[in-house]
Amino acid sequence: MRFALFKSANVTNSDGKMMYSDRESRCNMITVDFSDFKSLYGNATLENLVTPWQVDITDKPPALRAPNVSNVPLKWAHDALTGEPRYIHDRKVVDRLCSCICPACQLSLTPILAGQLLRRDPTAHFRHPPGSQKDDCTIVAARVAATHLLLEYGFIDLPRRVISRTATGFSGQGYEIWVEEPAERRMVRSALLHDHVTAVLTLDNGRKLLADLTGRRDLTSAFDDQALVTISLSDPELAMLSPEEIRSRLRILPDIRWCSHWNDRALATKADAESSQAARDALDDWSADDEADFRSRLTPGIDAEIARNLRRETLLHREVKAILEREKRITTPSLEVVVTRDPPEELEMSWEEDTLRMDWCTAPKILTLRDVQLETRLGRIVPDVIAHLDGPHVDADCHIEMWVSGSFDEGIEDSYAMTWPPTLLVEVTVTHGIDSEKLQRIRELNLATLEIDLSTLGGRVTLEGLRDLVVHQTIGKRWVHHPEFAIQQQRLNAEIDEHPVTRRNQERLVELKRQRWLTMPVAHWADRYLEALAGFHDANAIIKRRQRQHQGDGPKPKLLGRDSDAWALITSETEALSAHGLPGAAHSSMVQEAGLVARILSIQRNTGVGYDLSSGYQVLNAIMLSGKGNKQWDTLYAIAVKAYDLESHFTSDQTLRYKAWRKTLIEKVDANDEAYMRPATFDVVLSALFPEMAERISKGYGRLPDRG
Ligand SMILES: [Zn+2]
């Protein structure tokens with residue numbers, strides 16, 4: 001048999017001996033001699049030594065097993081006359097001066113004393129009439145004796161009474177509070193065995209204490225204002241103990257435990273109050289008034305879990321708002337914009353593959369505020385805090401870093417001074433981040449929006465901790481959106497456009513593409529250019545119509561811009577035309593909405609191109625109504641009307657109006673009115689795009705003289 005002896009075992013070695021008692025089998029006790037401990041291990045302590053210890057038991061298995069109650073000799077009885085407990089070795093019993101009965105079954109007992117002939121059971125004991133002894137007679141008898149001795153002993157040491165209560169916060173976190181009634185020593189005025197297992201003790205303060213003598217009674221949770229302790233007096237060994245032994249057992253009071261206490265109700269009330277206060281201190285619970293107010297505004301039938309999260313969010317939003325209102329300042333993290341530019345795909349296989357990256361950032365900043373408002377809407381939208389900056393804030397402390405292929409290239413002190421927008425939105429997120437719908441709304445509003453993410457704090461946060469976080473820290477804070485982002489992106493992109501690496505790549509790319517461009521004729525690229533431009537403007541004309549028809553809270557459709565694929569197509573065809581010696585196709589006068597190309601296309605196709613109009617005349621009408629400052633290209637439109645025979649689609653009324661306009665144009669050109677004369681800039685490229693107009697353009701009518 002092997003025992004593993006662990007550090008945590010009950011060990012006493014003050015006298016150099018170490019004892020280990022195995023309580024389960026009750027009788028195994030080994031003694032290990034540590035008298036040589038010091039000489040062997042110096043000043044090492046037990047804890048420092050390698051564990052576990054292994055101790056070999058060489059003895060036979062213990063002879064004494066847990067006694068079977070039926071084998072335990074009955075050592076205690078009641079005096080039949082006085083009711084006093086009698087031990088078998090009491091003088092009166094030995095001298096047979098009293099008659100005894102069993103305290104459990106009330107049958108009369110015969111003392112069998114040592115020295116008498118009784119081979120089977122030589123221990124002195126009381127004997128029941130033959131065949132009548134019950135199993136619990138012995139233990140009940142001993143309990144009677146113990147109770148009697150308790151009274152004789154005079155006092156009882158009541159252990160401290162501890163009650164714990166746990167309040168659960170909105171976060172699901174438990175807040176446990178322990179309250180206690182201290183231990184006390186009480187005089188025992190009277191002790192009576194109430195039944196076989198319970199004694200009633202009357203204490204010096206008049207209170208009654210029920211003592212369960214089994215040691216097995218559980219804690220009761222119902223408050224009945226009664227006090228009940230349980231004392232472990234069930235051990236069958238107890239029945240064999242002498243009065244001295246019972247006394248010593250009562251003195252150390254093994255395992256006396258409270259089942260209920262007179263003050264339980266008050267203790268529980270106190271613990272309840274303290275635990276819910278702890279939850280409130282952790283900003284995880286609120287007052288009954290707050291709860292009533294919250295319920296009055298809650299959507300009926302809402303999921304309990306969602307409601308709990310909403311409570312916590314509502315509370316934290318309110319606290320953050322209160323902090324901002326009180327402190328009137330907030331530390332914000334640095335603003336950062338990163339733009340990267342990969343080398344063009346076409347160059348990926350070449351030796352040069354530098355990726356450019358520009359980082360723009362500001363230092364963290366403390367913003368001072370003058371006005372803080374809380375949006376109180378509930379439901380799916382998380383409330384916001386809206387604050388207004390106290391006066392203009394300018395950030396001149398900006399910094400730019402340039403990185404080439406992941407290596408730091410240079411740091412640039414940015415002379416740019418950023419002016420802060422006057423409104424700051426603070427989003428406090430607890431369980432969920434900001435959803436895409438809300439993000440879209442924020443971007444449309446283009447407001448500086450700071451997110452404070454409290455989910456990293458878990459359930460535990462104090463008011464002071466929250467204040468420190470909001471006012472002084474950047475941790476957990478993130479810029480969701482800032483108007484400066486778009487501005488800096490544009491700036492950085494422009495910077496990158498000018499970088500030697502970009503320029504070199506562009507040159508290489510043009511060289512690479514030139515081969516492809518030159519293998520196809522001009523007419524091929526001209527067609528593609530016109531289709532690309534018509535496609536871009538027509539798409540935007542449709543989007544504009546949708547914008548006008550837009551209803552509801554959803555995002556408005558956005559126009560295609562210069563960052564769209566449709567625009568990239570125009571740029572690419574423009575480059576092809578340039579390679580063929582036809583510059584100018586990319587000029588804004590050519591490509592813009594209602595520009596030269598869109599208008600001539602409308603006339604050519606007799607429909608609106610980039611105009612939400614259905615006939616060429618309607619577009620021409622818009623041209624005819626243009627102001628005086630926008631007449632310089634009119635000769636080109638007249639040439640287009642002629643070249644594409646738009647007049648054949650006119651009504652007679654339209655023909656009259658067109659002729660009047662044309663007459664004025666001719667008069668102005670003849671009078672050399674420069675407002676009606678065009679520069680030669682686009683004549684060549686337009687002739688290539690619209691070959692039907694080439695002959696008339698080439699005559700130079702309405703063209704400003706070349707001042708070269
Ligand atoms: Zn009995």
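A crossing of two helices is called right-handed if the near helix is turned clockwise from the far one by less than a right angle, and left-handed if anticlockwise. Keep that in mind for the first close-up; everything shown here comes from a predicted model.

**View 1. Helix α17 passes helix α20 in a right-handed crossing.** Here we're looking at α17 (residues 634-643) packed against α20 (residues 691-698). Their axes sit 9 Å apart, and the packing angle is about 130°. That makes α17 oblique to α20, because angles outside the roughly parallel, antiparallel and perpendicular ranges, such as those between 115 and 145 degrees, count as oblique. On the α17 side, look for I639, A640, K642 and A643. Facing them from α20 are E692, M693, R696 and I697. Sort the contact residues by type and you get five nonpolar and three charged, with no polar ones.

**View 2. Helices α11 and α13 cross at roughly 75°.** This pair brings together α11, residues 500-519, and α13, residues 565-579, with axes that come within 9 Å. Is α11 parallel or perpendicular to α13? With that crossing angle, α11 is roughly perpendicular to α13, because anything from 65 to 115 degrees falls in that class. From α11, the residues making the contact are V510, K513, R514, W517 and L518. The α13 side puts in E575, A576 and A579. By type, the residues of this contact are five nonpolar, three charged and no polar.

**View 3. Four antiparallel strands make an open sheet.** Reading across the sheet, the strand order is β19-β20-β24-β25. The edges are β19 (336-341) and β25 (407-414), each of which pairs on one side only. On average, neighbouring strands are turned by 15° against each other, ignoring direction. Zoom in on β19 and its partner β20 (residues 356-362), and you'll find an antiparallel pairing over six bridges. Which residue of β20 stands opposite T340? That would be R357. Lying across β19 and β20 is helix α10 (residues 483-497), which runs at about 35° to β19.

**View 4. A six-stranded open sheet has mixed pairing.** This time the strand order is β10-β13-β14-β15-β16-β17. The edge strands, pairing on one side only, are β10 (155-158) and β17 (257-260). Neighbouring strands of this sheet are turned by 40° against each other on average, again with direction ignored. Edge strand β10 pairs with β13 (residues 184-193) in the antiparallel sense, over four bridges. Want a landmark in that pairing? Find F155 and look for its bridge partner in β13, M187. Helix α3 (residues 137-153) packs on the sheet and touches β10, β13 and β14 (198-203). The direction of α3 makes about 135° with that of β13.

**View 5. Zooming out, the chain has 20 helices and 29 strands.** The close-ups above are pieces of this one chain, which has 708 residues. How much of the chain counts as buried? The figure is 25% of the residues. Now take the contacts in the chain with a separation of 6 or more: 65% of them are between residues 24 or more positions apart.

Terms used. Residues are numbered from 1 along each chain as its sequence is written. This is a predicted model: local features need pLDDT of at least 70, side-chain atom pairs count only at pLDDT 80 or more; totals for chains, interfaces and linings use all residues. Axes are lines fitted to C-alpha atoms, for helices over the stretch in contact, and angles run from 0 to 180 degrees between N-to-C directions. Helices (H or I, at least four residues) and strands (E, at least two) are DSSP runs, numbered from the N terminus. Angles under 35 degrees count as roughly parallel, over 145 as roughly antiparallel, 65 to 115 as roughly perpendicular and the rest as oblique. Two residues are in contact if their C-beta atoms, placed from the backbone, lie within 7 Å. Ala, Val, Leu, Ile, Met, Phe, Trp, Tyr, Cys and Pro count as nonpolar, Asp, Glu, Lys and Arg as charged, and the others, Gly among them, as polar. Two strands pair if DSSP finds at least two bridges between them. A residue is buried if 20 or more other C-beta atoms lie within 10 Å of its own, exposed if 12 or fewer, and partly exposed in between; C-beta atoms are placed from the backbone.
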